[in-house]
Amino acid sequence: MGKRRVAVVGAGLTKFVRRAQETGPELSHQAVKMALDSADLKLKDIDMVTLGTAPDAFDGVHMKGEYLLSGAGGNNKPYIRNFVGGGTGVFAPIHGWMHVASGAADICMVVAEEKMSCCHPHPAGAFITIFDHTTEQPLKPTLIWIFALEMRRYMETYGLSAEDIARVAVKNKKNALDHPSAQVAEEVTIKDVLDSEMLAEPVHRLDISPSSDGAAAMILASEDVAKRLTDKPIWLDGVGWNLDTSYWATRDLYYPRYVEKAARMAYDMAGIKEPSKEIHVAEPYDPFDYKELHHMEGLMLCERGEAAQLTADGVTERDGNLPICPSGGALGVGNPIAATGLMKVIEIYLQLKGDAGKRQVPGDPRVGVAQAWGDLMQVGTVTVLRR
Amino acid sequence: MTIIKVPVKGLSSKEYERSLKVTWQPELQYAWDNGIAIGKYLEALKDGKILGSRCEKCHRIMLPARSFCELCWRPVDEYLPVKDTGIVNTFSICHVNWDASRLKPREPRHLPAVIEIEGASAGMGIMHLLGNVKPKDIYIGMKVKAKWKPRKDREGTITDILYFEPVRK
């Protein structure tokens, strides 16, 4: 039996906030309920549920899959948690795709949740255990180190300035003004970014997305079911994921080759030969502003080293030739890690349906890509959607 | 299905302080075995050497030492010391601590770097710290050398190298 074609038929998204009153299961429940309502389905119609959530250390709950089960609508169903660090949010629908493409499920609920505020006062410390316990942790690393090291290497390789990078934060925070879920949408200038607190050179406070609480949900269905449910199915036509070596200091950080490998896998599946021409809208992962540029290059949406110039030229604005992060991204909407990735896939879904409201990109987009990234700067997860 | 209204209430700092909550400060302790390859690596550090391992199939000399070549998927053929000098591949001047607390104005900044170690295959870097250098003088491509703890103080940990300092001509 070959692979079955898989469609997106519904989605839900909570507001992203710094400290949610709701618990993780309550956040998940909200997103799942919105997704069911959007597709005019009941929980009993869902065959299987897959849930993505990032490290247990944020919630301080050891078995987060079990903890979130009820809110995710997984009771008494085939249910599983998936995890690839920061890449989880885009891997979650890939995992859902496996459920449906394989024929195991006709309708699969995909949920992504993160409640980072439980780790109080700041979740940064929870990240120390991502570093090697013997050869790195004794140096007391903080998460920002790896971003600072990678950002500097990227800037040095292509001769980019701090302004080149800051422009992404300005664009995404502005885009997020039109997103009802946004946590840190605002009009800022390049100067505001460069004047914000210097945390780890070259990374300023406003180069970074916030820590957030939030949840997202998406419903996937097989082709025959999707055609019954909607006259406008959006197809999940390409999926790809890839992990590079965990010896992260032994590979050149200027280019995310694992993102390229994941993208090639997804593009091959979707029959995309020239991504820079065939993809109309993209949501690369932007937890830091330089990452959007880095990932545009890994996704082969432009030449290596070219992303900053395209951004400066306005090509990546919502009304540009290649809109990038029209949602507002992690930098503007917020970054509840796994939920952010799924928020990005949802944004592409809405854009291709023509349902993105004030965020709708012009030109009747038909093909879009969403991507996330994570673990120890080593995983790329990519989905290609098509109308 | 345009998403217009979204649920969830974010708490302001004041509301958060007033809200009822349960707190927990875990006191967990772990002991991580060094394993075979890293065990040798740490023993070599105690001896003032940086240990790599060599694979005869791909001809790489890898850092840190590992017991199997992850590319050729076979046991390494040899453990061997490389030099204790290297080139700065990238670096940061960091103003915050591991838990995001801020350094005080006069505290020395953290200076993490990826250092490509000489004698290993091209691109074989390790993360460590720079020291004995003004932050503004650091640059990519700078040649550095390990500053070792005095022999009697070494414990067989990565901090037996205090930092890497510029090689001054």
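User: Why is the pairing of B:R54 with B:E78 called a salt bridge?

Analyst: A salt bridge requires a side-chain nitrogen of Lys or Arg within 4 Å of a carboxyl oxygen of Asp or Glu. In the pair B:R54 and B:E78 the closest N and O atoms are 2.8 Å apart, so the pair satisfies that rule. B:R54 belongs to strand β1 (residues 50–54) of chain B and B:E78 to strand β5 (residues 78–82) of chain B, so the bridge ties together parts that are 24 residues apart in sequence. Helices (H or I, at least four residues) and strands (E, at least two) are DSSP runs, numbered from the N terminus.

This is a predicted model, in which local features need pLDDT of at least 70 and side-chain atom pairs count only at pLDDT 80 or more, while totals for chains, interfaces and linings use all residues. Residues are numbered from 1 along each chain as its sequence is written, chains are lettered from A and ligands numbered from 1 in the order in which they are written, and side-chain values use heavy atoms, with hydrogens and water left out.

User: What makes B:R54 partly exposed?

Analyst: A residue is buried under 20% relative accessible area, exposed over 50%, and partly exposed in between (1.4 Å probe, protein chains only). B:R54 has 23%, and is therefore partly exposed. Its partner B:E78, at 31%, receives the same label by that rule.

User: How do you know that A:R5 and A:D237 meet in a salt bridge?

Analyst: Their side chains come to 2.8 Å, N to O, which lies within the limit of the rule. A:R5 is in the segment before β1 (6–13) of chain A and A:D237 in strand β8 (residues 234–243) of chain A, so this pair joins parts that are 232 residues apart in sequence. A:R5 is partly exposed at 32% relative accessibility, whereas A:D237 is buried at 14%. A:R5, A:D237 and A:R386 are linked in a network of salt bridges. Over all chains, the rule gives 41 salt bridges.

User: What do A:K174 and A:E317 tie together?

Analyst: These two residues form a salt bridge, with the closest N and O atoms 3.2 Å apart. A:K174 lies in helix α6 (residues 162–175) of chain A and A:E317 in the loop between α12 (307–312) and α13 (329–332) of chain A, so the connected parts are 143 residues apart in sequence. A:K174 is partly exposed at 31% relative accessibility, and A:E317 is partly exposed at 22%.

User: Why is helix α11 of chain A described as largely enclosed?

Analyst: In α11 (residues 289–298), 10 of the 10 residues are buried, so the helix is largely enclosed by the rest of the structure. Among them are A:Y290, A:L293 and A:M296. A:M300, which follows α11(A), has a positive phi, near 60°.

User: Is A:G85 buried or exposed?

Analyst: A:G85 is buried, because its relative accessible area is 7%. A:G85 is found in the loop between β3 (79–82) and α4 (88–101) of chain A. Leaving aside residues up to four places away in sequence, A:G85 touches A:A54, A:I337 and A:D375; such contact means heavy atoms within 4.5 Å.

User: How many residues of chain B are in contact with chain A?

Analyst: There are 51 residues of chain B in contact with 58 residues of chain A. The buried area is about 4700 Å², of which carbon and sulfur atoms give 67%; this is the accessible area (1.4 Å probe) that the two parts lose on being put together, summed over both. The interface has 1 salt bridge by the rule, formed by A:E197 and B:R102 with the closest N and O atoms 2.8 Å apart.

User: Which element gives the largest share of the side of chain B that touches chain A?

Analyst: Strand β9(B) does, with 5 residues.

User: What makes β8(B) and β9(B) a pair of strands?

Analyst: Two strands pair if DSSP finds at least two bridges between them. β8(B) and β9(B) have 5 bridges in the antiparallel sense, so they qualify. One of the bridge partnerships joins B:E116 to B:G125 in β9(B). β6(B) and β8(B) are also antiparallel, over 5 bridges, and B:V88 has B:I115 in β8(B) as its bridge partner. Between the chains, strand β5 (residues 198–201) of chain A pairs with β7(B) in the antiparallel sense over 2 bridges, where A:E201 stands opposite B:I93.
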